[in-house]
Amino acid sequence: MRYSQMLLPTTRETPSEAEVVSHQLLLRGGFIRKLSAGVYTYLPLGLAVVQKVAQIVREEMNRAGAQELLMPMVQPADLWQESGRWQKYGAELLRFTDRHGRGFCLGPTHEEVITDLARRELRSYRQLPKNLYQIQTKFRDEIRPRFGLMRGREFVMKDAYSFDVSDQAAGLSYRKMFDAYHRIFRRCGLEFRAVEADTGTIGGSFSHEFMVLARTGEDTLVVCERCSYAANVEKAAIAPPENGAAPPAPVREMARVETPGVKKVEMVAKFLGVRPADIIKTMIYLVDGEPVAALVRGDREVQAVKLKNLLGATEVELADDKTVYQKTKLPVGYLGPVNLPLKVVADQEVMAMVNCVAGANEKQYHLTGVQPGRDFEPFVAGDLRQVTAGDPCPSCGGPVKLIEGIEVGHIFKLGTAYSEAMSATFQDSDGSEKPFVMGCYGIGVSRIAAAAIEQNHDRHGIIFPLSVAPFQVILLNLGLKNEATTRAADQLYHDLQGLGVEVLYDDRDERPGSKFQDADLIGIPYRLTLGKTYEKEGLVEVRRRLDGHVETIEYDQAAATVAGMINRELAAMAG
């Protein structure tokens with residue numbers, strides 16, 4: 001493609017709306033343009049990147065035995081009502097009615113549609129296993145879309161669904177996808193980790209997220225420094241405290257003490273001369289609309305997803321001070337578990353505490369000498385707290401560290417949750433009707449484009465991995481007024497194309513500096529330049545965007561040499 005003919009509106013200024021690097025560079029480089037909040041038009045360069053990612057995904061899904069189809073984006077409400085997710089999914093599901101008053105939604109995912117297809121078309125165990133996938137536009141009505149393609153409302157996604165006769169067979173399908181995802185992200189040139197994850201609104205019994213490591217990641221990963229354990233903070237397990245440890249002092253009687261104006265954990269600890277770890281922190285959450293007291297040690301934080309899973313709830317949110325008072329009629333800042341007229345849920349660590357300090361549920365007062373199990377009994381106790389750096393790994397006991405990541409893929413063991421809810425069954429070899437055992441496998445195709453930039457950029461612009469770059473080579477003609485140079489550039493452009501190289505030919509009448517700046521900004525992996533070096537010595541300058549390495553090649557050898565470099569690099573990425 002000739003640059004002069006391409007819609008490629010680069011800018012020097014960083015748009016004020018763009019907060020993260022990928023959003024800034026995608027706008028500056030002319031890859032995308034905003035239509036409305038979280039909704040973008042993909043310009044030719046941006047579409048080329050998304051198509052490159054999609055092709056890698058498609059090749060590896062096919063290699064793993066999956067079959068591509070395409071399902072409607074508009075989905076009928078009755079399927080979602082049948083699965084039970086019409087209300088459960090929440091406000092992100094964009095609902096509407098047609099002219100006949102029938103309910104529909106824009107698909108954020110396709111479990112219901114694919115399960116409906118399976119129950120109609122797959123009737124016998126002889127037709128299984130099946131893995132069906134699509135690459136398609138999705139819509140989720142995010143409350144706060146941000147970061148460009150990282151968290152938009154409309155996005156391109158690959159979603160696959162497997163159908164098996166048993167849990168064991170479903171495990172094999174899951175493993176195939178797990179391995180395929182590793183190949184996909186390696187081919188995309190990404191540094192990533194697969195981590196254990198919460199299943200969220202999709203449901204199921206087990207899942208892994210695939211995280212691209214980047215400082216601007218929205219998610220925090222827990223990684224063991226000694227073994228291969230990795231999980232996100234919502235899923236990261238914390239081992240129970242060791243039993244049998246001697247208490248620091250004889251168990252005391254509970255006492256009520258005055259703490260005027262002292263509310264925060266740090267203030268209470270200083271006032272009473274204790275450690276924050278000796279205080280029981282009582283947090284009020286609305287769990288499916290009802291207030292619940294969650295207890296953690298004073299130097300810990302509640303992990304809301306763990307609380308939700310521990311109680312089998314649908315929605316959990318931290319109550320603000322006004323809501324706390326409205327729901328409990330108790331003074332905020334002095335809450336504690338003793339005689340608290342609410343359901344109490346305790347972290348396992350709290351139940352091992354001795355001689356604790358807690359709020360007295362009375363303004364200006366706290367209790368000392370509080371003993372869990374003696375002075376209060378929680379409704380349930382379990383792993384409730386947020387993991388912190390240095391906590392012991394649940395697998396080997398080594399210390400864990402926290403790193404940031406961007407979720408680009410998520411795979412789930414769904415089991416029979418959808419097939420049972422929607423009566424999707426097959427006839428097994430013994431003649432009985434059984435529900436399909438399902439799996440679900442998603443990849444954020446457009447998000448990978450953004451994640452690749454977050455991980456690969458410098459102060460000049462994008463540094464695309466070769467496999468997902470919109471073009472492999474950008475050819476600069478710096479001698480437009482020299483007929484010989486222009487003829488040579490034109491011929492090199494055609495020779496490269498003839499060898500299968502994807503070339504953006506910058507034939508614009510612009511200053512060399514502008515051409516160099518644009519080439520760096522849009523991140524094409526190889527830059528070939530014909531200018532004074534060619535006019536004087538017949539040499540082509542080849543510069544690698546990744547590391548700035550420059551070499552000169554004889555003009556007659558340039559096309560074949562560069563094509564060989566590209567083919568070797570792609571082969572190495574494919575493994």
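1. Two strands pair if DSSP finds at least two bridges between them. In this predicted model, strand 7 (residues 130-139) and strand 8 run antiparallel and are joined by ten bridges. Within that pairing, Lys130 stands opposite Phe163 of strand 8, which gives a reader new to the structure a place to begin.

2. Strand 8 also has a second partner to consider, since it pairs with strand 24 (residues 437-444) in the antiparallel sense, over eight bridges. Here Met157 stands opposite Gly444, a residue of strand 24.

3. The surroundings of strand 8 (residues 154-164) deserve a look as well: ten of its eleven residues are buried, and the strand is therefore largely enclosed by the rest of the structure.

4. Helix 5 (residues 111-121) is likewise a mostly covered element, with eight of its eleven residues buried. The buried residues of helix 5 are Glu111, Glu112, Val113, Ile114, Thr115, Asp116, Ala118 and Arg119.

5. Turning to the cysteines, the structure holds zero disulfides. Cys105 is in no disulfide, and the nearest cysteine sulfur, which belongs to Cys440, is 15 Å away. Cys105 counts as buried because its relative accessibility is 0%, the cut-off for buried being under 20%.

6. The pair Cys224 and Cys396 should be read with care, because the sulfur of Cys224 lies 3.5 Å from that of Cys396, its closest cysteine sulfur, and this is too far for a bond; a disulfide requires the two sulfur atoms to be within 2.5 Å. Cys224 has a relative accessibility of 5% and so counts as buried.

Notes
Residues are numbered from 1 along each chain as its sequence is written. This is a predicted model: local features need pLDDT of at least 70, side-chain atom pairs count only at pLDDT 80 or more; totals for chains, interfaces and linings use all residues. Side-chain values use heavy atoms; hydrogens and water are left out. Buried means under 20% relative accessible area, exposed over 50%, partly exposed in between (1.4 Å probe, protein chains only). Helices (H or I, at least four residues) and strands (E, at least two) are DSSP runs, numbered from the N terminus.
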